[in-house]
Structures are given as structure tokens and as C-alpha cells.
Amino acid sequence: MTALAAGATIGIIGGGQLGRMLAAAAARLGYRTLVLEPQPDCPAAQLANRQIVAAYDDPEALAELVRECAVVTYEFENVPVAAATSLASDVPVCPPPAALEVSQDRVIEKRFLNAQGLSTAEFLPVDSDADFAAALRSLRGGVLKTRRMGYDGKGQRVFRDAGGADGVYAAMGGVPLILESLVPFEREISIIAARGRDDSLAAYDPALNVHRDGILHSSTVPSGVAPATAETARTSAFAILEALDYVGVVGVEFFVLADGSLLVNEIAPRVHNSGHWTEAACTVSQFEQHIRAIAGLPLGDTARHSDCVMENLIGDDVLRAPALLAEPGLMLHLYGKSEARPGRKMGHFTRLSPRTA
Ligand code: AMP
């Protein structure tokens, strides 16, 4: 495909901060954006050209996206697959709906990864109390998660041994679950990679991620992993992109074991919180990279000019903004959310320092 013409409209399903940052990047490259999101005045709509206030699978809203947009993308992985698939028959949808199918269900995701030769935690599907007791014995404890709709550690419980299975399945809501072995990771890293319409591939340096209460707290680059580990992260991400015939940016999270080997934790078929540092430490951010990829433009340079630490501002952390703004070498980014609820991502900042590695 030839590149989208200047002034063409990019549809974005989902109206959160990731959509906001995509809208800003699209505007800088001369494109218009149309956001589909049920919540009025959402963070993305504040920067986009227009918002359709409707459910993600509203037929009229989808028809409007088809009429208005040259390409449609999404900023979260729980877009209804049926909506994305029906859109894709009338307008290019990037990344492809297959990426949603794989990332929406933790069991399908792990089977897909294993089929590509990529290792994950051991896992067993859990669909009853009896399944859970058997799975807990087999994996000698583990992390119990909902198969679908889990994010930021929500819908997860840790079991350190094979005991305590009674009544848990019902207490988790009687929905399909997965038990994963408890991974004794040394650290967690992620990599942001991209594939263009011309099959070109690019990846940023991996980031070292620290989570608090299941939510990303900070991403540090360089990550401190051995060069061979970083290379494995890169080639793993590229294998995922190629297997899905993917166009756009992907985030891949890994557990790093003591011997430097990697297990894939999960795939995010979108720009990712652990890639926010790229807007401050690289010439081309992950957001611009995504827009370039889906618009059929050449992928950008992923080189990093600085070391950096990105930290999220969760809930009342946002009150630190004035003090942070006084720091030299710091880039602050707020999401335009008026209410600072506990656990809500309100913004982030990236501290830059001279490049050491
Ligand atoms: P997730 O929502 O699956 O990304 O999980 C959130 C966080 O919980 C991860 O980033 C890890 O810190 C931790 N975690 C998730 N799964 C496991 C596992 N199988 N073993 C150890 N820690 C885990």
C-alpha cells in the first residue's frame, strides 16, 4: 500500500491515555484522528479531531469509522474481536484482529507463544473447583488469573503451595481461569517492537520494569540484562510480529530467570506503558512509530540518545507535578483526567541522564 495521504483520518478504538498519545503523534505527522469511546471527553478525545461517543461494537459507529477512516487502530486489547473483524472487511485494521484474539485469552496466548518456540510459565486451564485442586497439585502452587479481561494485576491470586483450593473457583466468579506456575524471576523486562507495512522490523532497547501492587511503577533503560538476553527479547518480539502478519507496535513482557533466559509473560498488541520512555529518550517515540507503521510510512530510528527512568503517576502521585516540573532533564506527561482515583494512571514522567551503555 502507498502511504496515507496528508490529512487522511486514522480511527482509534479506545479513548484512554494511549489513544491520546497516538492522536498527538498522528497530528504531528499531518493526520486527523477519530476516536471511538463511550466515555465523553475521554483523554484521547481531548487531542483528537473528533470522538464518536458509542460502544466499541456499536454498528452505526463502526459504519462511521469505515466511511471516515483510511485505517483503524486500537489502544487496548479488549476491543471486541467481532467488531474488529467486521471492520477489517471494509477498512484496513492494524494491528490485525488476530492479534486481539491471541492477547485476549491467556491460555490462547501461551499456546500461540509456545507454538512459535517461545517459552512461557507452565500453565493449566481451570474451569472448575476440581480442575483447580488438580492444577494446584500439579504446579505445586502458582498464580491464578482470569483467562480474559485481566489487566494491571486485577483478577489474580498467588498460591505458594498446593493447599487452599476449596471454594476459590466460585470466589473468582466462576469464569474461565488459568493457573500459571510461580516464576522465580530475577527481573522483568519488556521490549517495544514494530513491523511496517513493507515487513520491515524495528525494536527499542528493552526496559527493566518494576511493578507495585500489580501496576507498572517504573521502567529503566538500559535494563542491565546481558546483550544475549536483549537479543533474545528482540528476536522473540520479531517472531511474534511475523507470525501474526502484524502491522504496528507491540509490547512484549518477559520474566528474566537467574541464568539470563526469558519466559514471555504477555503480549500487548498496542503501544505500551513500559515504552513511554521512548518519547523522551529517542528521536522517534513508540507512538510515532505506531502511526508510521499503520500509515505505510518508513519505520523510524529506535536509537536512544540518553539513559532514562520512566515513573508512572498513580492516583494522588499526580500532586507531585509542580515539584517534578522544577527538575531539569525531566519530561512530564499528564493525561487530562480530572479525578485522581486510587490506582488510576494520571500521568508519567521520564528522567534523562547521559548515556552510559
Ligand atoms: P500480568 O497481569 O500477568 O502481567 O501480571 C502482573 C504482574 O504480576 C507481573 O508483571 C509479575 O510481576 C506478576 N506475575 C504475573 N504472573 C506471574 C507468574 N506466573 N509468576 C510470578 N509472578 C507473576
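1. Aspartate 105 acts as the N-terminal cap of helix 5, with one of its side-chain oxygens 2.8 Å from the backbone nitrogen of valine 107. The model is a predicted one, and the points below should be read as statements about that model. Helix 5 covers residues 106-115. After helix 5 comes glycine 117, which has a positive phi, near 85°.

2. Which residues of helix 5 are buried? They are Arg106, Val107, Glu109, Lys110, Phe112 and Leu113. Of these, Arg106, Glu109 and Phe112 also belong to the contact with helix 4, and Val107 supplies the backbone nitrogen in the cap by aspartate 105.

3. Helix 4 and helix 5 pack with their axes 5 Å apart, at an angle of about 110°. Angles of 65 to 115 degrees count as roughly perpendicular, and helix 4 and helix 5 are therefore assigned to that class. On the helix 4 side the contact involves Glu101, Val102, Ser103 and Gln104; on the helix 5 side, Arg106, Ile108, Glu109 and Phe112. By class, this contact has three nonpolar, two polar and three charged residues.

4. Helix 4 (residues 97-104) also packs against helix 3 (residues 81-88), at an angle of about 170° and with the axes 9 Å apart. An angle over 145 degrees counts as roughly antiparallel, so helix 3 and helix 4 are described that way. Helix 3 contributes Val81, Ala84, Thr85 and Ala88, and helix 4 contributes Pro97, Leu100, Glu101 and Gln104. Five nonpolar, two polar and one charged residues make up the contact of helix 3 with helix 4. Glu101 and Gln104 of helix 4 are listed in the contact with helix 3 and in the contact with helix 5.

5. The ligand is surrounded by 16 residues, and the closest are Lys145, Gln156, Ser181, Val183 and Glu188. For lysine 145, a polar side-chain atom lies 2.6 Å from an oxygen atom of the ligand. For glutamate 188, a side-chain N or O atom is 2.5 Å from a ligand oxygen. Histidine 211 has a side-chain N or O atom 3.4 Å from an oxygen atom of the ligand.

6. Is threonine 350 buried or exposed? Its relative accessibility is 0%, so threonine 350 counts as buried, the cut-off being under 20%. Threonine 350 is part of strand 17, which spans residues 345-354. With neighbours within four places in sequence left aside, threonine 350 contacts His276, Trp277, Ala280, Cys308, Val309, Met310, Gly329, Leu330 and Met331.

Key: Residues numbered from 1 in each chain as written. Predicted model: local features only at pLDDT ≥ 70, side-chain atom pairs only at ≥ 80, totals over all residues. Heavy atoms only, no water. Axes fitted to C-alpha atoms, helices over the stretch in contact; angles between N-to-C directions. Helix = DSSP H or I, 4+ residues; strand = E, 2+ residues; numbered from the N terminus. Parallel < 35°, antiparallel > 145°, perpendicular 65-115°, else oblique. Contact = heavy atoms within 4.5 Å. Nonpolar A, V, L, I, M, F, W, Y, C, P; charged D, E, K, R; others polar. Buried < 20%, exposed > 50% of the residue type's maximum accessible area, 1.4 Å probe, protein only. Near = heavy atom within 4 Å. Polar contact = N/O pair within 3.5 Å; in protein donor to acceptor, adjacent residues only side chain to side chain.
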